[in-house]
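Open the model in a viewer and keep the selection tool at hand. The stops below go from aromatic rings to strands and end at a single residue.

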Amino acid sequence: MTVQDFETAARTRLDPVHADFIAGGAGDEITVRANEEAFRRLRLLPRVLRGSAVRTQEVTVAGSRARTPVLLSPTAFHKLCDEEGELATARAAAAAGAIMIVSMASTVAVEDIAEAARGAGADGAPAPLWFQLYLQPDLEFTEALVRRATDAGCTALVVTVDSPVRGAHERDLRNGFLDLPDGLACAHMVDPREGGRVRPIAMSPEISWAHLDWLRGITSLPILLKGVLHPEDARLAVRHGADGLLLSNHGGRQLDTVPATVELLPEIRAAVAGRVPVVLDGGVRRGTDVVKALALGASAVGIGRPVMWALAEGGEKGVRRLLELLREEVDQALALCGASGVQDLTPDLVRAPAWGPPPLPLPGADAARPGGVVS
């Protein structure tokens, strides 16, 4: 019935350690909770008598057309949730016409994911695949990854820029979850130059705007930056040739206590001044959340954890149902707002109470502990 139901069901199937990996964030997980709480504080102010009998959810972002404004944000290790892993996710996304961003930390190679998507698209036309990239200090290896993604048919690169070091995931540390189980590996980190050794994904504080300039010089694919939160960085991104932004705080998994992404959306939209699209992820759990973000200027939204819960709950069918559910909720919200499509969503439909900090949990409450349930 709801996105939350998928998490409830998934937790009965998953190893608790893996469930904590999916749900958890950095530090005290303040930002994890803030992402959802910020959407709850927003209010929709609908229009009436606008004669919108038929509604469309189609969007075009960075040259990629999709039948839904809900895309699948990059999430790692899908085989923790289902034995088919990213293959099942790709088929479900293709059937829904939703853009899937393939994680660099995928447990299935991008070539196989693309093949699965091609065979599952409605009317033989799967939604585009994008590829998420951590720029590696080894630029030769990075360039090889870009070639692989391009040759597989990916139509955009999403470069994660908020990870000079890894966030402190205290749940994982407590659980001793420091590597994948035997038999699973990051498929894109197998290095043929070293006899098939699986390289670790390097987080490097040395990565700079110069590396983005280098990347721009080796690929013609659109480049979107994931993790830009400061308006000045958004302006710099445009000046350095970024083709879009994925407004994301990494689901609260990097720097804890940063603001919720939907709070930052108006500032980021103003900073880029319509020159590039802005996709928002973080805390989207309802069709009304999607409509709020689009009304405030997002070109589309991404979902991460809900995809993992749905995959664990029902494999490919679970992810299909998740996307169908959100599509139904978005359609209903559009109708009730008097909109014929996403193009009719404007900031005047949203009322935002003065942004303030989410209420602090009482000492000793489950929500205050890293082991508490977080959706």
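Start by selecting Phe21, Phe77 and Phe177, which ring pairs link into a cluster. The model is a predicted one. It holds two aromatic pairs. One of them is Phe21 with Phe77, a stacked pair with 5.5 Å from centre to centre and 25° between the planes. Follow the chain away from each ring: Phe21 belongs to helix α2 (residues 16-23), whereas Phe77 lies in the loop between β4 (70-72) and α4 (86-96). The two residues are 56 residues apart, so the pair links distant parts of the chain. Both Phe21 and Phe77 are buried.

Keep Phe21 displayed and add Arg253. Arg253 lies over the face of Phe21, at 4.9 Å from the ring centre. For another arrangement of this kind, go to Arg199 and Phe141: the charged end of Arg199 sits over the ring of Phe141, 4.3 Å from its centre.

Next, select strand β11, residues 244-247. Which way do its residues point? Gly244 and Leu246 point one way, Leu245 and Leu247 the other way, and all of them are buried.

Now bring in the strands that pair with β11. Strand β10 (residues 223-226) pairs with β11 in the parallel sense, over three bridges. To find one point of this pairing, pick Leu225, whose bridge partner in β11 is Leu245. Add helix α9 (residues 231-239) to the view: β10, α9 and β11 make a right-handed β-α-β unit.

Strand β12 (residues 278-281) also runs parallel to β11, and three bridges join the two. Here, pick Leu246, whose bridge partner in β12 is Val279. Between β11 and β12 the chain passes through helix α10 (residues 261-272), and this β-α-β crossover is right-handed.

Val279 leads to the last stop, Ala300, as it is one of the residues that Ala300 touches. Select Ala300 in strand β13 (residues 300-303). Is Ala300 buried or exposed? Its relative accessibility is 3%, so Ala300 counts as buried, the cut-off being under 20%. Leaving aside residues up to four places away in sequence, Ala300 touches Val61, Pro69, Leu71, Val278, Val279, Leu280 and Leu294. Finally, select Thr60 and display the C-alpha atoms: those of Ala300 and Thr60 are separated by 8.8 Å, with the two residues 240 residues apart along the chain.

Definitions and conventions:
Residues numbered from 1 in each chain as written. Predicted model: local features only at pLDDT ≥ 70, side-chain atom pairs only at ≥ 80, totals over all residues. Heavy atoms only, no water. Helix = DSSP H or I, 4+ residues; strand = E, 2+ residues; numbered from the N terminus. Buried < 20%, exposed > 50% of the residue type's maximum accessible area, 1.4 Å probe, protein only. Contact = heavy atoms within 4.5 Å. Phe/Tyr/Trp six-rings, centres within 6.5 Å; stacked < 30°, edge-to-face > 60°. Lys NZ or Arg CZ within 6 Å of the ring centre and 35° of its normal. Pairing = 2+ DSSP bridges. Right-handed = clockwise from strand over helix to strand, strands pointing away.
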